Structure formats: structure tokens, C-alpha cells
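Please look over the sequence and the three-dimensional structure shown here before reading on, and keep both in view as the report moves from the whole chain to single residues.

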Amino acid sequence: MFLKRPHIALLLIGTLLFSACSSKFMKLQKKGTTEEKYKAANDYYKKGDYYKAGTLFEEIIPLLKGDSLAEQSQFYNAYAQFQQKQFSMSAYLFKTFYATYANSPLAEEAYYMYALSMFKDSPNFNLDQTSTLTAIEALQTFINSYPESKYAESCNQNLKDLRHRLEEKSYEKAKLYYKTSGVTIANFKAAVVAIDNFQRDFPDSEYIEELSFLKVQAQFELAEVSFETKQRERYTATLKFYEDFIDVFPKSKYIKQAEKVYDGATKGLEKVAKYEQQVKEYKAKEAERAAKEKEIASKKDEKIGANEIKK
């Protein structure tokens, strides 16, 4: 029991100090002047109490418009949000600062922090990447605007990271379409289109070889389940994708599988040729039959006409 009492005493003291500090802060919020709040906000900021600093800066910034203290207050407020990991808000505040004080000595750092906030706010590759694209644009704009900046190297590294996320997202999307291709013909088509897009956007990716093969495979499987009228075009595309694949990856680990696809597509074209020949012969017979029927009908009409004249 006695061992616990010092702990209880410390807890009570801590609670009282916290209550006193909270009471002081609330009193400052309610009755403090703008000057008092500004000084307190700076003190809280320097101590690392970014929540209280940010709260006070938010209150006084509208009152400092045109004041010489407004610039520093807005800058610190943006940092206070960043330190609290409120990256969406800090991005907005840093960008607003840059737009408002474009000629400020702090403008370069503000735009960098805007880009960094967007980078921090971008999601993992398996989530929607809309904000990642915005972050890439912000980082690239900073590099273009301040190529000699001390922040340029950091921006370049962050760009690589974000582009890798987009690469991972694009790869997973293409693989997902391929894995679900058996569900509908539309998914086979989507798989081929997704891989086309990946090849265009990430030509040096480590995944290019795998996806290039899957493109051959997906196109072949699309041809296999297509109507006969679409198969020639799709088998032919399969052979084209195969040729492109072996040209780039002649020693690929997927070569044997690709050759099986090539054989399947070749045989598929042979079947298509037989089908088309049968269709051609059928149409010829139908045309011949129709011509005979027309000839017979014409003769009947002539005979009827002759009989009518005799009457």
C-alpha cells in the first residue's frame, strides 16, 4: 500500500498541473488579446505543442491581415498542422502561403513543404492513386522551379517512390484483370488494355517480361472464347504479341509457355480458315439456290402472262 502512495501523489500532481495548464489555455482563448495569443502561439510552437500553437494561430490569422506578423503566423500554422500529421491541411496551408507570399524568402520552403505534405498524404499502392498523381505534379513543379534547391534531391527521391507506387498499382490492376478474365470476355479485353498501358507507362519495369507474356496469353484466351467472326483478328493479334515478346525476351523463362500459345493460335487460325471456307461455300450454294428460285419464278410469271394473252 505504501509503495503505491508516491505514484498516486505524482498522478494527482500531474492531473492538477494539466488542469491548470488547460485552464490557462482556455482563459487565453476566451479573454486573451491578439498580441497575447500571438506570443503564446509562438511559445507553444517552440515547445513543440503544435496543437495549441495551431489552435491559436487559426484564431488570430484572420485578425492579422495586412499585419507584418501575418506571414510568419501562416507559415508556422502550416508547420503546426504538418507536425500533427494533418498532411491534407498542411498541404493546403503551405500552398496558400506560397500563393499569397510568392516573393517571400520562405516561398521556396513553403512550396517544398506543400509537395512534401502531398507526398506524405499519398496512399499505399493498393488504394486510389488520385492524390499520388497530384503529389507527383507538385514535386515535379518544385524541381522545375527550383532545380538548384537544397530540397531537390529529396523531391527526386520522393518522385521515385511515388512512381513506384503507380507502377505497383498498374501491375496489380493488370494481374487482377487477367486473373478474373475467365468471368467475361470484357475482362480479357481489359487485361490486354491494362498491360498495353503498363508497357507504355513503365517500359523499364521489372514486371515487363511477366506482363508481356500474360498479354500473349490473355489475347489467345480471348480469341478462344470469341465468336468465329472475331477469331481471325484475335488469333492474328496473339501471334503479333508473341513475336513482339520473343523479340524482346528471347531467353525468357516463359518461352515454352509462349510457344504453346503460338501453336494454339496457329491451329486456331487453321480452324478459322476451314470455318470461313464452309461459310463461303454455304453462301455460294445459297446464292445459287436463290438464283434458281428467281429463275423459276420468272418463268412462271412469263407462262402466266402468255396464258393471259391467249384468253
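The report below describes the overall build first, then the core and the largest pocket, and then a few chosen residues.

## The whole chain

The structure is a predicted model, and the values in this report should be read with that in mind. The protein has 12 helices and 0 strands, and from the N terminus on its elements run α-α-α-α-α-α-α-α-α-α-α-α. Of the 311 residues in the protein, 39% are buried. The accessible surface comes to about 20,300 Å², and carbon and sulfur atoms account for 56% of that surface. Among the contacts with a separation of 6 or more, 55% are made by residues that stand 24 or more positions apart in the chain.

## The core and the largest pocket

The largest nonpolar core holds 76 residues, and the members that touch the most other members are Phe94, Leu211 and Phe245. Helix 6, which covers residues 107-121, gives the largest share of this core, with 9 residues. When residues up to four places away in sequence are not counted, Phe245 touches Glu209, Ser212, Phe213, Val216, Ser252, Tyr254, Ile255 and Ala258.

The largest pocket contains about 200 Å³ of space. It is lined by 10 residues, of which Lys24, Leu28, Ala40, Tyr44 and Lys47 are the closest to its centre. Helix 1, made of residues 4-31, and helix 2 each supply at least two residues of this lining, and helix 1 gives the most, with 5 residues.

## Residues in closer view

The table sets side by side the relative accessible area of several residues that are discussed below.

| Residue | Relative accessible area | State |
|---|---|---|
| Asn42 | 7% | buried |
| Ser212 | 8% | buried |
| Tyr151 | 16% | buried |
| Tyr114 | 7% | buried |
| Ala80 | 0% | buried |
| Lys85 | 62% | exposed |

Asn42 is found in helix 2, which spans residues 34-47. Which backbone oxygen does the side chain of Asn42 reach? The partner is the backbone oxygen of Tyr38, at 2.9 Å. Leaving aside neighbours within four places in sequence, Asn42 is in contact with Phe57, Gln72 and Tyr76. Asn42 counts as buried because its relative accessible area of 7% is under the limit of 20%.

Ser212 has its place in helix 10, which runs over residues 208-224. Its side chain makes a polar contact with the side chain of Gln199, at 3.0 Å. Gln199 also appears in the list of residues that Ser212 touches, together with Phe245 and Phe249, when residues up to four places away in sequence are not counted. Phe245, in turn, is one of the core residues that touch the most other members, while Ser212 itself is buried at 8% relative accessibility.

Is Ala80 buried or exposed? Ala80, which lies in helix 4, is buried, with a relative accessible area of 0%. Ala80 and Tyr50 are 30 residues apart in sequence, and yet their C-alpha atoms are 4.9 Å apart in space. Apart from neighbours within four places in sequence, Ala80 is in contact with Tyr45, Tyr50 and Gly54.

Tyr114 is found in helix 6, the helix that supplies the largest share of the core. Leaving aside neighbours within four places in sequence, Tyr114 is in contact with Ala91, Phe94, Lys95, Thr134 and Ala138. The C-alpha atoms of Tyr114 and Ala78, which are 36 residues apart along the chain, are separated by 9.2 Å.

Two further residues lie in loops. Tyr151 lies in the loop between helix 7 (130-145) and helix 8 (152-179), and at 16% relative accessibility it counts as buried. Not counting residues up to four places away in sequence, Tyr151 touches Glu108, Glu109, Tyr112 and Phe142, and its C-alpha atom is separated by 10.0 Å from that of Leu116, 35 residues apart along the chain.

Lys85 is found in the loop between helix 4 (70-83) and helix 5 (87-100). Although Lys85 is not a glycine, it has a positive phi of about 65°. Lys85 counts as exposed because its relative accessibility of 62% is over the limit of 50%.

How values were computed. Residues are numbered from 1 along each chain as its sequence is written. This is a predicted model: local features need pLDDT of at least 70, side-chain atom pairs count only at pLDDT 80 or more; totals for chains, interfaces and linings use all residues. Side-chain values use heavy atoms; hydrogens and water are left out. Helices (H or I, at least four residues) and strands (E, at least two) are DSSP runs, numbered from the N terminus. Buried means under 20% relative accessible area, exposed over 50%, partly exposed in between (1.4 Å probe, protein chains only). A polar contact is a pair of N or O atoms within 3.5 Å; within protein, one must be able to donate a hydrogen and the other to accept it, and residues adjacent in sequence count only if both atoms are side-chain atoms. Contact means heavy atoms within 4.5 Å. Accessible areas come from the Shrake-Rupley method with a 1.4 Å probe; for residues, only the protein chains shown count as cover. A nonpolar core is a set of buried Ala, Val, Leu, Ile, Met, Phe, Trp, Tyr and Cys residues joined through side-chain atoms within 4.5 Å. On a 1 Å grid over the protein atoms alone, a cavity is a set of points where a 1.4 Å probe fits but cannot get out, and a pocket is an open set with protein on both sides within 12 Å along at least five of seven lines; lining residues have an atom within 4 Å of a point. Grid points are joined across faces, edges and corners, and a volume is the space filled by probe spheres set on the points.
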